[in-house]
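Please open the model in your viewer and keep the sequence panel beside it. The stops below each begin with something to select and then describe what is there.

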Amino acid sequence: LPVDRIACNADGICLLLDQRHVVAARAVSCGHGRGYLVRASVAAVNAVIFVNKRLMSVLLRPQGAGYIFRAIHHAAALVVHKTDGTIQKDLDDGIDTIGKKMTVCQLYAKQIRHRGNVRYNTKNGRKRLMKLLEEDKLGGCPIDSVKLSDAKEWAIRMKEKGISYKTISNDKRSLKAAFYTAIQDDCIRKNPFDFQLNTVIEDDTEPKVPLTPAQEESFLSFAQNDKVYQKYYDELIILLGTGLRISELCGLTDTDIDFENRIINVDHQLLRSAKTGYYIETPKTKSGIRQIPMSEKVYEAFNRVLKRRRGAKAVTIDGYSNFLFLNRDGYPKTATNYDGMFRGLAKKYNKYHEEALPKVMTPHTLRHTFCTNMANAGMNPKALQYIMGHSNITMTLNYYAHATFDSAKAEMLRIAA
């Protein structure tokens, strides 16, 4: 509570001093020998009972022009004369008058404590957001004082700090969930983070654009014939022909490839942290565990990969070994390796081609391209959802938005025929 000082007299009854009021009190017997009746002579916004310097739990009931706060265990009581209807409204609405004074940082800490079973990257993201809140004035505000305009101002400050729109959007979603929990706990009435972020700050996120069929063919041809990047050709073929996530590709071992049935078994992914090193994780959802058929091109690419890795040194990570894609030191590649490679490859490609590749050119671009190609080819959305490992069909249907007029026209003509 925003109380500047609490002083106790010899009888253990406290005087509360806040910025506007000095609450004088006098103690009399309650009549049953178990406590005191304390009457405030001046209306107080914030009132707490201390008996022998111990905070009492209290119940409240109206009495005349004020309220009686009666201690549950020690039968002490306090009458506070109200100056407005705020206290009564909180009581009528069942608002937790103590809980509403927790700070934003305390609320977020409570939220993440109740949802502790999360992945390593999620934990790091939570630490980052908590640090941002601690450094920002919003973090120390009582949650009942945070208004819609305060939340919007927070978003603007984060943008001014150079934080990306996507990260701010994710952080806003986390804070909105935390404040929603506070509403469920009857600490507040409204959620100040319930607003559209793009109405406050500009969404400058570069859109994810798939490769066109012509770009895809030109891109593969360039990589295949370039002395520096031709060694990555098979990985590019596999990514464009399977839609694998890059962490799933990195985690593939020789036992995950069923050459007889031409199937790729996906049930784990390989990641790497600067602090902990390599580690294996299962897919984010059960939908990520799947089997992907191999096309002829993908089948041939995997055969070439296996031939090249013969004689590689044994590396075991969390029980997995014989990884297929290794760096020059013989250790498994991770997403960081491929991100750097894609930047260099795209830069060199654009240097020699008039039509540049999409501005955002990452391994995910090839996954995006695969899904778009399958959608344009008329694959059943549920089948494509399975292959992509999407937990929600909406994620898959969004890729169908990249269908062109030509593909839409061809589809209509096919149905009409």
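## A tour by selection

Begin by selecting Phe219, Phe222, Tyr349 and Tyr352, which together form one aromatic cluster. Keep in mind throughout that this is a predicted model. Within the cluster, show the rings of phenylalanine 219 and tyrosine 349: their centres are 6.3 Å apart and their planes stand at 65 degrees, and because an angle over 60 counts as edge-to-face, the pair is edge-to-face. Phenylalanine 219 belongs to helix 6 (residues 213-225) and tyrosine 349 to helix 10 (residues 335-352), so that the pair links distant parts of the chain, 130 residues apart. Are these two rings buried or exposed? Phenylalanine 219 has 1% relative accessibility and therefore counts as buried, and tyrosine 349, at 2%, counts as buried too.

Next, select phenylalanine 259 and tyrosine 299, an aromatic pair that is likewise edge-to-face, with 5.7 Å from centre to centre and 75 degrees between the planes. Here phenylalanine 259 comes from the loop between strand 11 and strand 12, while tyrosine 299 comes from helix 9 (residues 296-308), and the two are 40 residues apart. Tyrosine 299 has 19% relative accessibility, and because the limit for buried is under 20%, tyrosine 299 still counts as buried. Now add arginine 262 to the selection, which lies over the face of tyrosine 299 at 3.7 Å from the ring centre. Arginine 262 also sits in the turn of the hairpin formed by strand 11 and strand 12, which has four residues between the strands, and there arginine 262 takes a positive phi of about 55 degrees.

From this hairpin, widen the view to the open sheet of three strands, whose order is 11-12-15 and whose pairing is antiparallel. Strand 11 (257-258) and strand 15 (290-293) are the edge strands, each of them pairing on one side only. Which residue of strand 12 should you look for opposite isoleucine 257? It is isoleucine 264, and strand 11 and strand 12 are joined by two bridges in all. On the other side, strand 12 (residues 263-266) is joined to strand 15 by four bridges; select asparagine 265 to find glutamine 291 as its bridge partner, and valine 266 to find arginine 290 as its bridge partner. If you colour strand 12 by side-chain exposure, Ile264 and Val266 make up a covered face, whereas Ile263 and Asn265 make up an uncovered one.

Move along the chain to strand 13 (residues 269-273) and strand 14, which run antiparallel and are joined by five bridges. These two strands form a hairpin with three residues between them, and selecting leucine 271 shows tyrosine 279 of strand 14 standing opposite. Strand 14 (residues 277-281) is mostly covered, with five of its five residues buried.

Select helix 7 (residues 233-242) next; this helix is mostly covered, with nine of its ten residues buried. The buried residues include Tyr233, Asp234 and Glu235 as well as Leu236, Ile237 and Ile238. Adding helix 11 (residues 363-376) to the view shows that helix 7 and helix 11 pack at an angle of about 40 degrees, with their axes 6 Å apart, and the two helices are therefore oblique to each other. The contact is made by Leu236, Leu239, Leu240, Gly241 and Thr242 on the side of helix 7, and by Leu366, Thr369 and Phe370 on the side of helix 11. Just after helix 7, look at glycine 243, which takes a positive phi of about 75 degrees.

From glycine 243, draw a distance to leucine 384: the two are 141 residues apart in sequence, yet 10.0 Å apart in space, C-alpha to C-alpha. Leucine 384 lies in helix 12 (residues 381-388) and is buried, with a relative accessible area of 0%. Which residues does leucine 384 touch, leaving aside those up to four places away in sequence? They are Phe370, Cys371, Met374, Ala375, Met379, Thr396 and Tyr400.

For a last stop, select lysine 172 and phenylalanine 195, where the charged end of the lysine sits over the ring of the phenylalanine, 4.9 Å from its centre.

Terms used
Residues numbered from 1 in each chain as written. Predicted model: local features only at pLDDT ≥ 70, side-chain atom pairs only at ≥ 80, totals over all residues. Heavy atoms only, no water. Buried < 20%, exposed > 50% of the residue type's maximum accessible area, 1.4 Å probe, protein only. Pairing = 2+ DSSP bridges. Phe/Tyr/Trp six-rings, centres within 6.5 Å; stacked < 30°, edge-to-face > 60°. Lys NZ or Arg CZ within 6 Å of the ring centre and 35° of its normal. Axes fitted to C-alpha atoms, helices over the stretch in contact; angles between N-to-C directions. Parallel < 35°, antiparallel > 145°, perpendicular 65-115°, else oblique. Contact = heavy atoms within 4.5 Å.
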